[in-house]
2 protein chains.
Amino acid sequence: MSNGLIVSISGPSGVGKGTVIAKLREMLPDCRHSISVTSRDPRGEEKDGVEYYFRTREEFERLIAEGEIIEYDQYVGNYYGTPLTPLITMSGKGQDVLLDLTVAGSLALKEKFEETVTIFLLPPSLKELRNRLTGRGTESEELVDKRMGQAKKEIADAPKFDYVVTNDSVEQAAEEIAAIMLAEHGRFKRRSETVEKLLAE
Amino acid sequence: MSNGLIVSISGPSGVGKGTVIAKLREMLPDCRHSISVTSRDPRGEEKDGVEYYFRTREEFERLIAEGEIIEYDQYVGNYYGTPLTPLITMSGKGQDVLLDLTVAGSLALKEKFEETVTIFLLPPSLKELRNRLTGRGTESEELVDKRMGQAKKEIADAPKFDYVVTNDSVEQAAEEIAAIMLAEHGRFKRRSETVEKLLAE
């Protein structure tokens, strides 16, 4: 059995990453997702390792120090982060994992685990990106300007990614990412036991 | 405009390369093919640069010496070979080119032009490969044995290729190669002007 892929998708705010990933999950129902680790307490029926990995603040900080957290944020006093080891475990079981990380997060993951497939989702144009950000209707002109400045900085990092996919249409972008995953399996195979097994016949 | 891909497909005799490539050409009618260069004389309506590039033996030998011929063979006293420059020219015009080369030819092309995408077509098993070779009904047991020995040697080179695709079904193998091509366009894009252009807006 060959390893599963770890596929990390990033892109500027407003590029439509969430929609493309949702479409992709529909197309590839066997694809796994990453479970976040948090320092907040479980609520109601939440179980460790299902909704979140629940850890204390001290444990979380130790995980950060150990380089186990790919990226994290604090929200209402609690840590939320993406842990590395579960991804490698899932991949080792032959499962493909799809991740939604910030640009910095994808690049950090690639550094930690070189086999990660990193995909940068690009808007068709900066004008269209502004339209999408404005179209949300929830953000002030000032905030849109700020996000556009951030977007330009992030897009400048696109050449560091393995692939760049333009989100012209959600359907097409999702199909292109699915094609990348199929192709990457063909890359994996050459390194795996397929060839060896055939020769050992 | 970004460059076209140069895609070179190889595999052992009997793997079904011709059928897969024919299927692929049906799926991707815009894909170009390589025109061979030969030292034989044009026949009837044949035109230089259409059916073949026609060159004298001396010219052909000079092309070999210049490293311009990726691979060649002699047949009834005439040279037939695959020239490098037309591939790079077509790619430069944004056209994808699909090539059918020997294993050695694909690896030689990759050496000369690193951006070449090399794909190794693998049989589902050695047993199945023997079935396919025997099924032709045109080859003696001895020749089949010889081809199987050659096939094993070639399969041992599969890990040197960018991708390995198993030819279980023609349809599926062709689709996997089409996916690889779509994915490789996503790789190309990150190196091309797409990102620069967006940032220059």
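Helix α3(A) is followed by A:Gly94, a residue whose phi is positive, near 90 degrees. The structure is a predicted model, and this helix is a convenient place at which to enter it.

Helix α3 of chain A spans residues 85–92, and within it A:Leu87, A:Met90 and A:Ser91 are buried. Viewed down the axis of α3(A), the buried residues fall within an arc of 100 degrees, so they line one face of the helix. A general property of helices helps in reading such a pattern. An α-helix has 3.6 residues a turn, so residues three or four places apart point the same way. The face of α3(A) that is turned away from the buried side carries the exposed residues A:Thr85, A:Thr89 and A:Gly92. On the buried side, the cover over these residues includes three strands of chain A, namely β1 (6–10), β2 (32–33) and β7 (97–100).

The next part of chain A to consider is a sheet. Strands of a sheet pair through backbone hydrogen bonds, either parallel or antiparallel. In chain A, four strands form an open sheet in the order β4-β3-β6-β5, and the pairing is mixed. Strands β4 (53–54) and β5 (69–75) of chain A stand at the edges and have a single partner strand each, so one side of each is left without a neighbour in the sheet. Further in, β3 (residues 37–38) and β6 (residues 78–83) of chain A run antiparallel and are joined by two bridges. Along this pair, A:Thr38 stands opposite A:Tyr80 of β6(A). A helix also meets the sheet: α4 (residues 103–112) of chain A lies across β5 and β6 of chain A and runs at about 150 degrees to β5(A).

Chain B offers a view of the hairpin. There, β5 (residues 69–75) and β6 (residues 78–83) of chain B pair in the antiparallel sense over six bridges. B:Tyr75 has B:Asn78 of β6(B) as its bridge partner. Two residues lie between the strands of this hairpin, and B:Val76 takes a positive phi near 45 degrees. Most residues other than glycine have a negative phi, and most peptide bonds are trans. B:Val76 has a positive value although it is a residue other than glycine. B:Val76 is also exposed, with 6 other C-beta atoms within 10 Å. In chain A, A:Val76 lies in the loop between β5 and β6, and its phi is likewise positive, near 45 degrees. A:Val76 counts as exposed because it has 6 C-beta neighbours inside 10 Å.

How are the chains arranged with respect to each other? A rotation of 180 degrees, with 0.0 Å of shift along its axis, superposes chain B on chain A with an RMSD of 0.0 Å. This is the relation of a two-fold axis. In chain B, the C-alpha nearest the axis belongs to B:Ala179, at 2.3 Å from it.

The chains also touch: 29 residues of chain B are in contact with 29 residues of chain A. On the side of chain B that touches chain A, the elements giving two or more residues are α5 (126–135), α6 (141–155), β9 (163–166), α7 (170–191) and α8 (193–200) of chain B. Of these, α7(B) gives the most, with ten residues. By class, this side of chain B has 17 nonpolar, three polar and nine charged residues. Finally, 100% of the interface residues of chain B are also interface residues in chain A, so the copies meet through the same surface.

Key
Residues numbered from 1 in each chain as written. Chains lettered and ligands numbered in written order. Predicted model: local features only at pLDDT ≥ 70, side-chain atom pairs only at ≥ 80, totals over all residues. Contact = placed C-beta atoms within 7 Å. Nonpolar A, V, L, I, M, F, W, Y, C, P; charged D, E, K, R; others polar. Least-squares fit on C-alpha atoms with pLDDT ≥ 70 in both. Buried ≥ 20, exposed ≤ 12 C-beta atoms within 10 Å, placed from the backbone. Arc of directions from axis to C-beta. Pairing = 2+ DSSP bridges. Axes fitted to C-alpha atoms, helices over the stretch in contact; angles between N-to-C directions.
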